[in-house]
Amino acid sequence: MPDCPEPLTVAWVVAQAAAIAARRADDERAHRAEDRLHQTVLRAIADGRCADPAECARAALQTLELSFSRWYA
């Protein structure tokens, strides 16, 4: 995942979600990227480094609609 801009933007989150969608055929890779995206957005919101916290969160959560296996241990 590329470095996120300061402040975090909705456009960047949407681009990362699109990248996850493009690699969803590889479940492990897509799940790892999804987790990283969600953590990045949450940290940016918590640290006050997000241009539009609600929209960034909505954009990140769209990845939950993607069809790929998510594994938890």
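In this predicted model, Thr 40 touches Met 1, Cys 4 and Trp 12, not counting residues up to four places away in sequence. Thr 40 sits in helix H2. Its relative accessible area is 17%, and the cut-off for buried is under 20%, so Thr 40 counts as buried. One of its partners, Trp 12, is itself a buried residue, and belongs to H1.

Now for the helix that holds Thr 40. H2 has 20 residues and spans 28 Å from its first C-alpha to its last, close to the 28 Å expected at 1.5 Å a residue. Quite a list of its residues is buried: Ala 30, His 31, Ala 33, Glu 34, Leu 37, His 38, Thr 40, Val 41 and Ala 44. What do these buried residues of H2 pack against? Their partners are H1 and H3. Just past the helix comes Gly 48, which follows H2 and has a positive phi, near 70 degrees. For background, most residues other than glycine have a negative phi.

Next up is the middle of things, the largest nonpolar core. This core has 16 residues, and those with the most contacts inside it are Leu 8, Val 13, Ile 20, Leu 37, Val 41 and Cys 56. Helix H1 (10-22), helix H2 (27-46) and helix H3 (53-61) each chip in with at least two residues of this core. Which helix gives the largest share? That is H2, with 5 residues. Val 41 makes a handy example of how the core is knitted together. Setting aside neighbours within four places in sequence, Val 41 is in contact with Leu 8, Val 13, Cys 56, Ala 57 and Ala 60.

H1 has 13 residues and reaches 18 Å from its first C-alpha to its last, close to the 18 Å expected at 1.5 Å a residue. Its buried residues are Trp 12, Val 13, Gln 16, Ala 17 and Ile 20. Looking down the axis of H1, these buried residues fall within an arc of 135 degrees, so they line one face of the helix. There is some general background to this pattern. An α-helix has 3.6 residues a turn, so residues three or four places apart point the same way. The face of H1 turned away from the buried side carries the exposed residues Ala 11 and Ala 22. On the buried side, the residues of H1 pack against H2 and H3.

H3 can be read in much the same manner. Cys 56, Ala 59 and Ala 60 are the buried residues of H3. Seen down the axis of H3, they fall within an arc of 100 degrees, so they line one face of that helix. The buried residues of H3 pack against H1 and H2.

How do H1 and H3 line up with each other, parallel or antiparallel? The two pack at an angle of about 5 degrees, with their axes 9 Å apart. An angle under 35 degrees counts as roughly parallel, and H1 and H3 are therefore roughly parallel to each other. Where they come together, Val 10, Val 13, Val 14 and Ala 17 in H1 meet Glu 55, Cys 56, Ala 59 and Ala 60 in H3.

Then there is the pairing of H2 with H3. Their axes come within 10 Å and cross at roughly 170 degrees. That makes H2 roughly antiparallel to H3. In this pairing, Leu 37, His 38, Val 41 and Ile 45 in H2 meet Pro 53, Cys 56, Ala 57, Ala 60 and Leu 61 in H3.

The segments outside the helices have their own details. Pro 7 lies in the segment before H1, and a cis peptide bond joins Glu 6 and Pro 7, with omega about -5 degrees. As a general point, most peptide bonds are trans.

In the segment after H3 there is Leu 66. Is Leu 66 buried or exposed? At 18% relative accessibility, Leu 66 counts as buried. Beyond its neighbours within four places in sequence, Leu 66 is in contact with Ala 17, Ile 20, Ala 21 and Arg 24. Leu 66 and Ala 17 are 49 residues apart in sequence and 9.5 Å apart in space, C-alpha to C-alpha.

Ser 69 also lies in the segment after H3. Its relative accessible area is 32%, and Ser 69 is partly exposed. Apart from neighbours within four places in sequence, Ser 69 is in contact with Asp 27 and His 31.

How values were computed:
Residues numbered from 1 in each chain as written. Predicted model: local features only at pLDDT ≥ 70, side-chain atom pairs only at ≥ 80, totals over all residues. Heavy atoms only, no water. Core = buried A, V, L, I, M, F, W, Y, C linked by side-chain atoms within 4.5 Å. Buried < 20%, exposed > 50% of the residue type's maximum accessible area, 1.4 Å probe, protein only. Helix = DSSP H or I, 4+ residues; strand = E, 2+ residues; numbered from the N terminus. Contact = heavy atoms within 4.5 Å. Expected span 1.5 Å × (residues − 1). Arc of directions from axis to C-beta. Axes fitted to C-alpha atoms, helices over the stretch in contact; angles between N-to-C directions. Parallel < 35°, antiparallel > 145°, perpendicular 65-115°, else oblique.
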